[in-house]
Structure formats: C-alpha cells, structure tokens
Protein chains: 2
Amino acid sequence: MTDSTGPVRDNPRTRPAKAPLSRQAVIAAALGLVDEAGYAAVTMRRVAQALDTGPASLYVYVADRDELMAEAYDLALAEVEPPGPVDGDWRARLELLVGRAIAALGGHDDIALVAITRVPTGPNALRLLEATMTLLRAGGVDDSVCPWAADVLDQYVTSSALELAARLRDQRAVAAAGGAAEATEEAMSRAAGSELDAIYGELPADVYPTIHALRPAMTTAGRNGHLYATWKLGVIIDGLLAHRRHP
Amino acid sequence: MTDSTGPVRDNPRTRPAKAPLSRQAVIAAALGLVDEAGYAAVTMRRVAQALDTGPASLYVYVADRDELMAEAYDLALAEVEPPGPVDGDWRARLELLVGRAIAALGGHDDIALVAITRVPTGPNALRLLEATMTLLRAGGVDDSVCPWAADVLDQYVTSSALELAARLRDQRAVAAAGGAAEATEEAMSRAAGSELDAIYGELPADVYPTIHALRPAMTTAGRNGHLYATWKLGVIIDGLLAHRRHP
DNA sequence: ACCTGAACACCGTTCAAGT
DNA sequence: ACCTGAACACCGTTCAAGT
C-alpha cells in the first residue's frame, strides 16, 4: 500500500542506480569509455548514455568535448606517485617517474592523444612537471634548458604511452579471438606486426638495400617493447646529460 | 551560331573549370584543405566540394578518410630531397634530412598528426626511412638498433613539425589581426604563449618552487623555436651515438 | 567504369522550456 | 540551479540507380 501507489514518491527501489550528476562523475565516465573503446569512440552522447542522461546535461559540468578529454587525461595521471629519496639517485627516480607516467597513461588506451594537440595543464600534469624539473636540476641540468629537457621527456612519455596502449590493444585482440581458429591466426599476425613486415618485404632490394638488410630487426616482434623503451629512455637521458648547458 | 545553341555540346566556355577526377586530384585537394584550415577541418564533404562533386564520388578513388589523409601526408613528404655527398658528413646530412622533413610537414599545418596514429608506409615515407637508416649506419649505429634510432628520429620529426605548424599558425593569426588594435593585442599575447605563462604564474610558489623559479625560461618566447629545435636534435643524435650498440 | 542523389546512422552544441 | 527534449548544422559511408 505504500510501494506501488505513488509514482510521485522518489522510490529507491524502482529508481535505484541513478547517481547524481557531477563534474567528477562525467570525467570518470569519459575515462571509462576510453578504456573500453578508445579515444575516438568517446562521444558526448555515449558519455551521457553511460550516465543515464541526455547529452545536453553534460554541458552543465563541462565546456565541451575537448575540455572533458583534457580532464580525463589528468585523471589518468592522478595515480602517478613521484618517487622519493628511498628510490635512489636522481636518475633512478627520473626513470621511475617516467615509467610510472607511461604505465598510467598507456593503461587507459590512447588517452595520451590528448597531449598531442594541447599542452596538459591539469593539476596532476603540473605536479609531475614540477617533480620532473626538480629531478633534472638535481642531475645538474642548467636552469635555462630545464624546460626544454622536461619537454623532451614529456614527448617521450606521450609516444611511449601510445605505443604501450597499441601493444595492449593487440594483446586484448589476441585474447578475445581465442576461439575461432581463423580469427586467432589473423589477430596473432596483426599482433606480430607482420603487416608492416610484409610491406618492407615487398620492397625491391636494389633501391631499398638498408631496409632490406635490417628487416629482421624492424618487426614489432624484434622491437620487444620493454627493451626498446629502456634503450630509448637511455638515449634521451644520456643525450640530456651531454647537453646540460645552454648552447 | 556554333557557341550558344547546343547545350548538349561540351562547351569549354560554359563548363570550363571542372577537371576530371582522379586519385591524385582528390589527394591534392585534401592536402590543400589541410593547408587552409587544418587536419580536423578536412571532411570528405569539403574535399568533394573543392572538386565540385559529391562526397560519394571520392570513394571511387579512396577507401576512406583515413587512407586519404595518409596519402596527403605522403604527398607532403614528396618535396623532401635526401642530402647527398656534397652536403657534408653523415651527421650534417642527417641533420639536413631531418630539418627538411620537419619543414615540409610543418608547412602543411598539422598534417603530421597522421603519423601519430599510424606508421607511415607511403612511397616517400619509405624513401626517407631508407635514407635515414643509411646515414645512421654510416655513423656507426649498430644494425640491431638502427630501426630503433630511426623511430626516435621519426618521433622527433613528427613532434617538431607539429610545433612548427603551431608557430606558423600563431604568426598567421597575428598577421591576419593586423587591423583592429584590440584583436592584434590578443593575437600577439596568444602568440607569445602568455596563456601558459599565466597558468604557471598563478601557481603557489611554495608547492611549485621549481616551476616558479624556471618560469622565465618556460614561455614560448623563451623557447625561441629554432634554437630549441637545434638543441633537441643535438640531444637525440648525441644520445644515439652514446647508445650505438645493442644493450 | 565512373559517377551521384538520397538515405542511414551518427556527431557536438545550443536553447527554450521545464522543475 | 540544475536538467532536458528537440532541433540545428554538420559528419562518414553505402547503395541503388543512372550514364
């Protein structure tokens, strides 16, 4: 007699799940969609749908899609903790910091695309910029080149995060195809980067002698994700050390 | 008596401009639109409009927007000429090659965005990859790390081209605003990167001491485009030289 | 073979109207 | 203040129909 009569009553049994909208909820929903389907698949309409509302409602909390994605990017960086004194000298700490940023961003698919078209200025991005430049200074990098050095490291983080995301995506595709034999084979060959290898393989050896000669080393398989990332960071840091002072 | 009577006749006076459609024409039109309005503004419908046809007609020559943009990217690289023996030793030549690639891509607004989401495999990209790896080998870079080194240089080219494009875009905005005093001031402050500087300036100095201390060096003005690009390339090449061999 | 009008299934964003 | 239905001005891509 109390339950089914009044549709005016805000009954938590018939209307249970709908959490109140908020800026945080909108941003979290956007990042969740990135995880599921990637940056390009995040539309205002889908974010709204995930929050059980209409697209127009989002504009109460967020100026536009661009701002929303920038906030999702910063949310992805929230989990990154800057290393402390226990983690070693400045170089070990810098490597840890950079590695954590790559893992955090790469763990949210291609959210790092946000950093390609705009300079991140969210609170977490600023926090990590501060930490990075502090470590660089500790490494003897000159004040005048410190911002440049931080920029180079940021570019390294962005491109490495996108690479990691692509690798994880391939792995997920292989795992998802673990049923039909044909699909599995196709997914595995994609994961091995053999499309690219096939392109190199079809080039005439006389006009592309170097590509031809180095082809074994050029496949994604030959790149070995982690080893490549380590090598690349070494290149950058040693390069930075050689250019500590302003030209 | 021959000119105005027959509407059936294909009269070049009344129907002059419409060139026959072709894959090349579609690609060139797309790159032209990038130059005018940037990557995001290039839609199939606008490309069709520029060619005086309907969007459906483009699909005769091009599989989808992605392929079209990839071809436009490769077209932008067509003008890059690999340096020869007259241009100096391997390092001078590598610096020239990389500089030319940045200039070519950056001269077509943000077309370099194409290289972010897919590995360029057009004929010109392959031609320049071959040239790059040949120079790296001449510099003593080990075969096993050559592809990695080429990858690092490609990332440098892409990010530098996007930076250059942004700088040119700002300059164009300043030039275009050369009338109304207010508009000019706003455009110039944008060009000086003072938005970013304002963000840094508002940070509390006690929790962001390093950003605070280095703020003068962090503005775009302080970055001085060309000097920064030179420094960055030096960092990468010297880093590569220090890691010539496989770890 | 090449071209295209019309349609399909989407977009981001705005705005008047509701509570 | 917060929310929203409906609309506006776009998208990429397909496909049946024309030449």
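This report covers the two DNA strands and their protein surroundings, then one helix and one residue of chain B.

## Basis of the model

This is a predicted model, in which local features need pLDDT of at least 70, side-chain atom pairs count only at pLDDT 80 or more, and totals for chains, interfaces and linings use all residues. Residues are numbered from 1 along each chain as written, chains are lettered from A and ligands numbered from 1 in written order, and side-chain values use heavy atoms, without hydrogens and water.

## DNA strand D

DNA strand D is surrounded by 17 residues. Near means that a heavy atom of the residue lies within 4 Å of the strand. The closest are Thr53(A), Ala56(A), Ser57(A), Tyr61(A) and Arg45(B). Sugar and phosphate make up 54% of the strand D atoms that come within 4 Å of the protein.

Polar contacts are pairs of N or O atoms within 3.5 Å. The side chain of Arg45(B) places an N or O atom 2.4 Å from a base nitrogen of strand D. Two other residues reach phosphate oxygens. Tyr59(B) does so with a polar side-chain atom at 2.9 Å, and Arg65(B) with a polar backbone atom at 2.9 Å. H2(B) gives the most to this surface, with three residues. Helices here are DSSP runs (H or I, at least four residues), numbered from the N terminus. By class, the surface has eight nonpolar, three polar and six charged residues. Nonpolar covers Ala, Val, Leu, Ile, Met, Phe, Trp, Tyr, Cys and Pro; charged covers Asp, Glu, Lys and Arg; the others, including Gly, are polar.

## DNA strand C

DNA strand C has 16 residues around it. Arg45(A), Tyr59(A), Thr53(B), Ser57(B) and Tyr61(B) come nearest. An N or O atom in the Arg45(A) side chain lies 2.4 Å from a base nitrogen. Side-chain N or O atoms also approach phosphate oxygens: Thr53(B) at 2.3 Å and Ser57(B) at 2.6 Å. H2(A) is the top contributor to this surface, with three residues. The classes are seven nonpolar, three polar and six charged.

## Helix H4 of chain B

H4(B) spans residues 65-77. Its 13 residues reach 19 Å from first to last C-alpha, close to the expected 18 Å. That expectation is 1.5 Å times one less than the number of residues. Its buried residues (under 20% relative accessible area, 1.4 Å probe, protein chains only) include Leu68(B), Met69(B) and Tyr73(B). The buried residues pack against H1, H2, H5, H6 and H7 of chain B, with contact meaning heavy atoms within 4.5 Å.

## Gln49(B)

Gln49(B) lies in H2 of chain B. Gln49(B) counts as exposed because its relative accessibility is 61%, and exposed means over 50%. Its C-alpha is 9.7 Å from that of Ala29(B), 20 residues apart along the chain.

Key:
Helix = DSSP H or I, 4+ residues; strand = E, 2+ residues; numbered from the N terminus. Polar contact = N/O pair within 3.5 Å; in protein donor to acceptor, adjacent residues only side chain to side chain.
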